[in-house]
Amino acid sequence: MAEKQKYLKVIDEKANIITDVSDKIWEYAELSLLEFKSCELYCKVLKEEGFEVESPVCGIDTAFKATYGSGKPVIGILAEYDALSGVSQEAGVAYRKELVRGGNGHGCGHNNLGAGAFGAAVALAEYLRENDLPGTVRFYGCPGEEDGSGKAFMAEAGCFADVDAC
């Protein structure tokens with residue numbers, strides 16, 4: 001249990017970065033396959049956390065693959081970051097209050113899902129680093145989830161072929 005708490009603390013220590021990512025992606029509210037700012041943000045923070053980042057991947061301009069470590073197992077963690085049309089919403093308000101009339105918003109919480117996945121990837125990378133263990137953390141930026149295209153195109157292109165668990 002102490003080991004688990006140690007890596008939960010890593011996430012707590014990175015809370016400002018994780019929250020900032022979530023907040024910025026909320027603000028960007030980019031539609032499927034147009035998530036250019038969100039992709040750029042993830043690539044930036046992942047590089048700062050010691051990941052090697054490749055973008056674009058699989059012929060998708062807003063997809064990326066970030067890798068930490070080497071060897072087996074290869075553990076994949078997926079992030080989504082696209083928004084929906086017509087669900088613009090002011091943050092922190094529990095009733096309907098559009099930021100932009102008819103604008104885009106995160107009705108499915110991809111801003112939080114992706115940021116949470118980022119926190120998990122960073123904690124897992126720290127675990128491998130501190131324990132000098134073999135293994136690869138692969139953080140995938142999967143755009144276009146709302147229209148069902150990103151992961152399917154990435155899988156078809158073989159992006160996940162060497163992943164042991166995801």
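Okay, arginine 138: its relative accessibility is 8%, so that residue counts as buried. Keep in mind that what we're looking at is a predicted model. So what does arginine 138 pair with? Its salt-bridge partner is aspartate 162, and the closest N and O atoms sit 3.0 Å apart. Arginine 138 is in strand E4, while aspartate 162 is in the segment after helix H5, which covers 150-156, so this pair ties together parts that are 24 residues apart in sequence. Is aspartate 162 buried as well, or partly exposed? Aspartate 162 comes out as partly exposed, with a relative accessible area of 35%.

Let's stay with salt bridges for a minute. How many does the structure hold? The count is 11. I'll show you two others. One of them joins lysine 14 and glutamate 49, again with the closest N and O atoms 3.0 Å apart. Lysine 14 is in the loop between helix H1 (2-13) and H2, and glutamate 49 is in the loop between H3 and E1, so here the pair ties together parts that are 35 residues apart in sequence. Glutamate 49 is buried, at 13% relative accessible area. Lysine 14, on the other side of the bridge, is partly exposed at 24%. The cut-off for buried is under 20%, so lysine 14 doesn't make it into that class.

The other one I picked is inside a helix. Glutamate 48 and lysine 44 meet through their side chains, 3.0 Å from N to O. Both of them are in helix H3, 4 residues apart, and that's about one turn of the helix. How accessible are these two? Glutamate 48 is exposed, with a relative accessible area of 54%, and lysine 44 is partly exposed, at 47%.

Right, on to how the helices pack. If you've got the structure up, find H2, which runs 15-28, and then H4, which runs 110-130. The axes of H2 and H4 come within 8 Å, and they cross at roughly 155 degrees. Why call them roughly antiparallel? Angles over 145 degrees count that way, so H2 and H4 are roughly antiparallel to each other. Their crossing is right-handed. From H2, the residues in this contact are Ile17, Ile18, Val21, Ser22, Ile25 and Trp26, and they meet Asn111, Asn112, Ala115, Phe118 and Gly119 of H4. Sorted by class, that contact has 7 nonpolar and 4 polar residues, with no charged ones.

Now look at H2 against H3, where H3 is 36-48. What angle do H2 and H3 pack at? It's about 165 degrees, and the axes are 9 Å apart. That makes H2 roughly antiparallel to H3. The crossing of H2 and H3 is right-handed. H2 brings Ile17, Val21, Lys24, Ile25 and Tyr28 to the contact, and H3 brings Lys37, Ser38, Leu41, Tyr42 and Val45. By class, we get 7 nonpolar, 1 polar and 2 charged residues in the contact of H2 with H3. If you're colouring residues, Ile17, Val21 and Ile25 are in the H2 list for H4, and those names are in the H2 list for H3 too.

Last topic: the backbone. Which residues have a positive phi without being glycine? I've got a couple to show. Among them is alanine 29, with phi near 45 degrees. Alanine 29 is in the loop between H2 and H3, and it is buried, with a relative accessible area of 7%. Then there's aspartate 132, where phi is near 50 degrees. Aspartate 132 is in the loop between H4 and strand E4, which is 135-141. Is that residue buried or exposed? Aspartate 132 counts as exposed, at 71% relative accessibility.

And where do we find cis peptide bonds? One joins serine 55 and proline 56, with omega at about 0 degrees. Proline 56 is in the loop between strand E1 (52-54) and strand E2 (64-70). Another cis bond goes from lysine 72 to proline 73, and there omega is near 0 degrees. Proline 73 is in the loop between E2 and strand E3, which spans 74-79.

Methods
Residues are numbered from 1 along each chain as its sequence is written. This is a predicted model: local features need pLDDT of at least 70, side-chain atom pairs count only at pLDDT 80 or more; totals for chains, interfaces and linings use all residues. Side-chain values use heavy atoms; hydrogens and water are left out. Helices (H or I, at least four residues) and strands (E, at least two) are DSSP runs, numbered from the N terminus. Buried means under 20% relative accessible area, exposed over 50%, partly exposed in between (1.4 Å probe, protein chains only). A salt bridge is a side-chain nitrogen of Lys or Arg within 4 Å of a carboxyl oxygen of Asp or Glu. Axes are lines fitted to C-alpha atoms, for helices over the stretch in contact, and angles run from 0 to 180 degrees between N-to-C directions. Angles under 35 degrees count as roughly parallel, over 145 as roughly antiparallel, 65 to 115 as roughly perpendicular and the rest as oblique. A crossing is left-handed if the near helix is turned anticlockwise from the far one by less than a right angle, and right-handed if clockwise. Contact means heavy atoms within 4.5 Å. Ala, Val, Leu, Ile, Met, Phe, Trp, Tyr, Cys and Pro count as nonpolar, Asp, Glu, Lys and Arg as charged, and the others, Gly among them, as polar.
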